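Biologist: Thanks for sitting down with me. Could you walk me through the side-chain packing, one question at a time?

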Amino acid sequence: MRYILIINSKNNPKNQKKLDDAIVKVATINPDLRSRIELRYTEYAGHATDIAIEIDNKFKGSVAIISCGGDGTIHEIVNALAFRKTPVIAIPFGTGNDFVKSVNPNWRKMKLEDYFLALDDVKFKAIDLIKLDSFDAMGNYTPAWSSYVDNVASIGLDTKVQSDAKALVAAHNTNFTRKTAYVRAALRNLFGARANHFQYTIDLKDGTTVTGQSHVYTLISICNGKYYGDGFTPAPDANLDDGYARVCAVDHVTTMNAIGLIIAYRFGKHIGKRGIHYYEATSGVITSLDPSLQLFGNYDGEDFFGNRVRFEVCPLALNLGFY
């Protein structure tokens, strides 16, 4: 099989050096494999999606795409390949690598060249995606803020934390900042406004429907994968191919309670605690209770807005590679 790497041209220079070195090692150890690897670099926002569509149209699933970037690059490629034949392989080449953690629990034990040298042994299987549709206050569908989600979508405190973490990295793009940005942003936001006014209705896997009893929440996360935000674990039992999303809604909490809760939430120990509502869902709707105030959310690390958001699990919608 041939492999086409889609490489985020905005990758950290140190990561790019690691990639260059890994490709040289592949050429030395397995020249035949190297001859079947093509490198493509993104040139603008959304280019990874355009490249992936081009590849699928040209090769009709006979090649595999390798995502060489962070969760945002994977997200772009996934939105190109949903319900298409071309498979994608995700390798840890970003800051958080949260999606890869669900795909390959042993990701830290492999060097970059190991991922490339093992390409011919990768097994492909279909996984679920979550389709998230956003609507404005007039009920109009907003395609710019609608997307397929491979990992996690969320609304509330964690979105604000994600936004602040990205700002920290943009201001000081150092290794220390990249590794600590999310935790630092989370601690900073503990002492700020945490109330989010919305209502949710969720269709559960047993065919019943549940409606949230509160009108004020800290956050709600809709999870296909287990991790987001550089290792926070909203859905420790998530499964990428079981046909269900894990939804975690957190009631509005005091600052004192939030400190303990955020620690539990980071390590996936929050389920069953007071103020935590956890569901296995097939679909659902989240609606802002203020018609003039849009929900602020993120999917796979990308920001979105909407007065009403609908999500639905799309079973086995993506062909994904597993090491």
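Biologist: Let me start with leucine 5: leaving aside neighbours within four places in sequence, which residues is it in contact with?

Modeller: Contact here means heavy atoms within 4.5 Å. This is a predicted model, in which local features need pLDDT of at least 70 and side-chain atom pairs count only at pLDDT 80 or more, while totals for chains, interfaces and linings use all residues. Residues are numbered from 1 along each chain as its sequence is written, and side-chain values use heavy atoms, with hydrogens and water left out. On that footing, the partners of leucine 5 are Leu19, Ile23, Ile37, Glu38, Leu39, Arg40, Ile66, Cys68 and Phe116.

Biologist: How many residues does the largest nonpolar core have?

Modeller: A nonpolar core is a set of buried Ala, Val, Leu, Ile, Met, Phe, Trp, Tyr and Cys residues joined through side-chain atoms within 4.5 Å. Buried means under 20% relative accessible area, exposed over 50%, and partly exposed in between, using a 1.4 Å probe and protein chains only. Leu5, Ile91 and Phe116 have the most contacts inside the largest core, and its residue count is 50.

Biologist: And how many residues are in the other core, the one that lies apart from it?

Modeller: Its members include Ile202, Tyr217, Tyr299 and Phe311. The count for this core is 24.

Biologist: Tyrosine 115 and tyrosine 323 form an aromatic pair; how far apart are their ring centres?

Modeller: Rings of Phe, Tyr and Trp (its six-membered ring) pair if their centres lie within 6.5 Å; planes under 30 degrees apart count as stacked, over 60 as edge-to-face and the rest as tilted. The structure holds 10 such pairs. In this one the planes are at 85°, so the pair is edge-to-face, and the centres are apart by 4.9 Å.

Biologist: How many residues apart in sequence are the parts that this pair ties together?

Modeller: Helices (H or I, at least four residues) and strands (E, at least two) are DSSP runs, numbered from the N terminus. Tyrosine 115 lies in helix α6 (residues 112-117), whereas tyrosine 323 is in the segment after β15 (308-322), so the separation in residues is 208.

Biologist: Is tyrosine 323 buried or partly exposed?

Modeller: Its partner, tyrosine 115, is buried at 1% relative accessibility. Tyrosine 323 comes out at 30%, so it counts as partly exposed.

Biologist: Where does tyrosine 265, the ring partner of tyrosine 228, lie?

Modeller: The rings of tyrosine 228 and tyrosine 265 have centres 6.3 Å apart and planes at 70°, so this pair is edge-to-face too. Tyrosine 228 is in the loop between β10 (216-223) and β11 (245-251), and tyrosine 265 lies in helix α9.

Biologist: Turning to charges, which helix holds glutamate 113, the partner of lysine 25?

Modeller: A salt bridge is a side-chain nitrogen of Lys or Arg within 4 Å of a carboxyl oxygen of Asp or Glu, and the structure holds 15. Lysine 25 and glutamate 113 meet in one at 3.1 Å, N to O. Lysine 25 lies in helix α1 (residues 13-29), and glutamate 113 is in helix α6.

Biologist: Which residues are linked in a network of salt bridges with Asp242 and Arg246?

Modeller: The side chains of aspartate 242 and arginine 246 meet at 2.5 Å, N to O. Aspartate 242 is partly exposed at 25% relative accessibility, whereas arginine 246 is buried at 5%. The network joins these two with Lys205, Asp237 and Glu280.
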